Amino acid sequence: QVQLVESGGGLVQPGGSLRLSCAASGSILRINVMGWYRQAPGKEREVVATITSGGTTNYADSVKGRFAISRDNAKNTVYLQMSSLKAEETAVYYCSAIISSLAGNRQHYWGQGTQVTVSS
């Protein structure tokens with residue numbers, strides 16, 4: 001089995017910063033694209049940022065210049081550094097990864113989600 005476990009969510013004031021982490025574990029052969037998504041109450045899940053195994057990044061327009069995604073391939077971990085957070089970015093943030101397992105499967109995995117609340 002493969003698992004994604006997120007950490008680092010919490011309460012932060014508007015304008016503040018927060019760093020999310022997500023570690024993949026299990027029968028992993030290779031991790032391709034990793035990313036972060038978020039889902040606010042009453043809204044659809046949306047992509048925040050993605051990063052390939054080679055380090056190519058993509059960001060939603062709304063977070064460009066404020067968020068930074070990175071990964072440590074040796075640790076099978078992806079990070080999301082968030083700065084200048086806004087109240088409307090309150091959401092559950094989900095880690096995502098396309099993983100090829102030792103069993104020969106290639107699947108899109110999701111973490112359980114971590115709550116980020118931006119409020120004064």
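1. Let's start with a word you'll need: a residue is buried when its relative accessible area is under 20%, exposed when that is over 50%, and partly exposed in between, using a 1.4 Å probe and protein chains only. Keep in mind that this is a predicted model, in which local features need pLDDT of at least 70, side-chain atom pairs count only at pLDDT 80 or more, and totals for chains, interfaces and linings use all residues. Residues are numbered from 1 along each chain as its sequence is written, and side-chain values use heavy atoms, with hydrogens and water left out.

2. Have a look at T77. T77 counts as buried because its relative accessibility is 8%. You'll find T77 in strand 8 (residues 77–82); strands here are DSSP runs of E with at least two residues, numbered from the N terminus. A polar atom of the T77 side chain sits 2.9 Å from the backbone oxygen of K75. If you skip neighbours within four places in sequence, T77 is in contact (heavy atoms within 4.5 Å) with C22, A23, M34, S70, R71 and D72.

3. C22, one of those contacts of T77, leads us to the disulfide. The term means a pair of cysteine sulfur atoms within 2.5 Å, and by that rule the count is 1. The partners are C22 and C95, with their sulfur atoms 2.0 Å apart. C22 belongs to strand 3 (residues 18–26) and C95 to strand 9 (residues 91–101), so the link ties together parts 73 residues apart in sequence. Both cysteines, C22 and C95, are buried. The link of C22 and C95 is left-handed, with -80° about the S-S bond.

4. M34, also on the T77 list, takes us to the strand pairing. Two strands pair if DSSP finds at least two bridges between them. Strand 4 (residues 28–39) and strand 5 (residues 46–51) do this in the antiparallel sense, over 5 bridges. M34 has I51 in strand 5 as its bridge partner. The two strands, 4 and 5, make a hairpin with 6 residues between them, and G42 in the turn has a positive phi of about 75°.

5. Carry on from I51, which stands opposite T57 in strand 6. Strand 5 pairs with strand 6 (residues 57–59), again in the antiparallel sense, over 3 bridges. These strands, 5 and 6, also form a hairpin, with 5 residues between them. In its turn, G55 has a positive phi of about 100°.

6. Now for the charges. Side chains of opposite charge can pair when their charged atoms come close. A salt bridge is a side-chain nitrogen of Lys or Arg within 4 Å of a carboxyl oxygen of Asp or Glu, and the structure holds 4 of them. One of these joins R38 and E46, whose closest N and O atoms are 2.7 Å apart. R38 is buried, with a relative accessible area of 7%, whereas E46 is partly exposed, at 38%.

7. Which residue meets R38 in a salt bridge at 3.3 Å, N to O? That's E89. This pair links distant parts of the chain, 51 residues apart, with R38 in strand 4 and E89 in the loop between strand 8 and strand 9. E89 counts as buried because its relative accessibility is 2%.

8. E89 has another salt bridge, with R66, at 2.5 Å from N to O. R66 and E89 are both buried. Follow the shared partners and you get one network of R38, E46, R66 and E89.

Key:
Polar contact = N/O pair within 3.5 Å; in protein donor to acceptor, adjacent residues only side chain to side chain.
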